[in-house]
Amino acid sequence: MVRELFISLYVLFVRFISTICRLFPLRDSITFMVSFEQNNLYIYNEMKRQQVPIPCVFLYKGKNKQRFDEQIGMSSIELKLSNVGDFIKAIYHLQTSKKVVVDNYFGELAGITFRKQVECVQIWHAAGAVKTFGFEDKSTLERTNWAQKRFANVYQHFHRIVVGSDVMAERFLAAFHLPPSVILRTGVPRTDLFYNEKAKELAIQKWTTLNPELSKKKVILYAPTYRDQELEAFQLELDISEMQRALSDQYVLILKLHPAIKNDLSFSELDGGFVMNYSNQDINELLFISDLLITDYSSIPVEYSILEKPMIFFAYDEDTYLKDRGLWEPYETSVPGPIVRTTAELIRVIKEESYDLSEVRAYSEVWNKYSKGQSSRNIVEYLIREDK
């Protein structure tokens, strides 16, 4: 109840500031609301490549603002109430830009009323979805009626939603309660990288130079999604010691934990350099250097399937996850690889190399139907069109 009261006051403050900002004229600019940089970065770089003369402003919310600022070559505005001056600037840009690009759920939109000339494009941070979200997320139904109205208000701001597949389009419409007309089939910008052979070569060269072990053995990448209860205290369910004993003669293991969780894992007690915690590194480069992906309910398999490499799904808590969070469809039919629930099962599958790459290719055809290497160009051409 206290949390809802705080959110209500926050939205009222945003509405107050935005009402004042509506007195200023609209500008031919694009304001990006950023929680994960990749899609935004690909769009911005494509705009620079095409020399699009439209000013851009970035409102950042998340952990890696400094890294993002370095990549765009300018300072983003942190969307954080504790810095009132920057916060007011952020609302001003939201209220005065003709185009707004968002990559997540931003509660601030509940306090914003866009003028009719403004278009808001949602470039969701994930290319696919195994776990439910929006109004399909079971936890949403447990929230207050006021909270659910606020969610609907935010979703109604999405004039267009970028998708890479028809199945993802269906999930957005169900999750956000929006009509089919909002769907924009340009493909997902961040997937362009996976069609770039030069980028793959450079990433492999970079990492094998930094760590020669990666060129001597096969690389397993473990990239699980987060569980809500793990945001403050993460518990690794893999038995690393058991994996080392069974696999270290042929494999090394890279950990890439979700950026939302806090982890201070140390593996100094293990010898031989079998495991490496690269959670702070770029997930895309790690996908390039890996030979095998282990994940669970993440959307990473959508991008990884473009590389046509094998995947194993470590669903040790499927029943609990299904009950607490929810999945879009039966797990067994939604993933392109073997499902295991214990470290012993995982080791067995790895040793047997029980993979069906035709299943991976079929999965990619479904989930990357519109993501064919030109998605950034497609969305930029849409944003600068005058005849919409």
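This is a working chat about the predicted model shown above.

Colleague: Hi! Before we dig in, what kind of model is this, and what are the ground rules?

Modeller: It is a predicted model: local features need pLDDT of at least 70, side-chain atom pairs count only at pLDDT 80 or more, and totals for chains, interfaces and linings use all residues. Residues are numbered from 1 along each chain as its sequence is written, and side-chain values use heavy atoms, with hydrogens and water left out.

Colleague: Great. How many helices and strands does the protein have?

Modeller: There are 15 helices and 13 strands. Helices (H or I, at least four residues) and strands (E, at least two) are DSSP runs, numbered from the N terminus.

Colleague: And what is the radius of gyration?

Modeller: It is 22 Å, close to the 21 Å that the globule rule gives for 388 residues, so the protein is as compact as a globular protein of that length. The radius is taken over C-alpha atoms, and the rule is 2.2 Å times the number of residues to the power 0.38. Along the principal axes, the C-alpha atoms fill a box of roughly 65 × 50 × 40 Å.

Colleague: What percentage of the residues is buried?

Modeller: Buried residues make up 55% of the 388. Buried means under 20% relative accessible area, exposed over 50%, and partly exposed in between (1.4 Å probe, protein chains only).

Colleague: What about the accessible surface?

Modeller: The accessible surface is about 18,000 Å², and 52% of that belongs to carbon and sulfur atoms. Those areas come from the Shrake-Rupley method with a 1.4 Å probe; for residues, only the protein chains shown count as cover.

Colleague: Switching to contacts, how much comes from residues 24 or more positions apart?

Modeller: Such pairs account for 71% of the contacts with a separation of 6 or more. A contact means heavy atoms within 4.5 Å.

Colleague: Nice. Which residues touch the most other members in the largest nonpolar core?

Modeller: Phe133, Phe158, Ile161 and Phe176 do, out of 52 residues in that core. A nonpolar core is a set of buried Ala, Val, Leu, Ile, Met, Phe, Trp, Tyr and Cys residues joined through side-chain atoms within 4.5 Å. Several elements each supply at least two residues of this core, among them helix H1 (2-21), strand E4 (97-102), helix H6 (166-176) and helix H14 (357-367). The largest share, 7 residues, comes from H6.

Colleague: Tell me about H6, then. Is it mostly covered or mostly open?

Modeller: Mostly covered, with 8 of its 11 residues buried. They are Val167, Met168, Ala169, Arg171, Phe172, Leu173, Ala175 and Phe176. These buried residues pack against H5, strand E6 (160-162), strand E7 (183-184) and H14.

Colleague: And what does Ile161 touch?

Modeller: Leaving out residues up to four places away in sequence, Ile161 touches Gln122, Phe172, Phe176, Leu178, Val182, Ile183 and Leu184. There is also a second, separate core of 33 residues, which includes Leu193, Trp207, Phe288 and Val335.

Colleague: Now something I'd check in a Ramachandran plot. What is phi of His177?

Modeller: Phi of His177 is near 55°, a positive value in a residue other than glycine. His177 sits in the loop between H6 and E7. Glu353 also has a positive phi, of about 50°, although it is not a glycine. Glu353 lies in the loop between helix H13 (343-352) and H14, and is partly exposed at 42% relative accessible area.

Colleague: Why flag those? What is phi like in most residues?

Modeller: Most residues other than glycine have a negative phi.

Colleague: Makes sense. Is Glu37 buried or exposed?

Modeller: Glu37 counts as buried, at 8% relative accessibility. Glu37 is found in helix H2 (residues 37-49). Not counting residues up to four places away in sequence, Glu37 touches Tyr60, Asn64, Arg67, Phe68 and Gln71.

Colleague: And where is Thr225?

Modeller: Thr225 is in the loop between strand E8 (218-222) and helix H9 (240-247). Thr225 counts as buried, at 4% relative accessibility. Thr225 and Leu257 are 32 residues apart in sequence and 7.4 Å apart in space, C-alpha to C-alpha.

Colleague: Last one: how many positive and negative side chains are there?

Modeller: There are 47 positive and 51 negative side chains, and the centres of the two sets lie 8 Å apart. Lys and Arg count as positive and Asp and Glu as negative; His and the chain ends are not counted. Each charge is placed at NZ of Lys, CZ of Arg, CG of Asp or CD of Glu.
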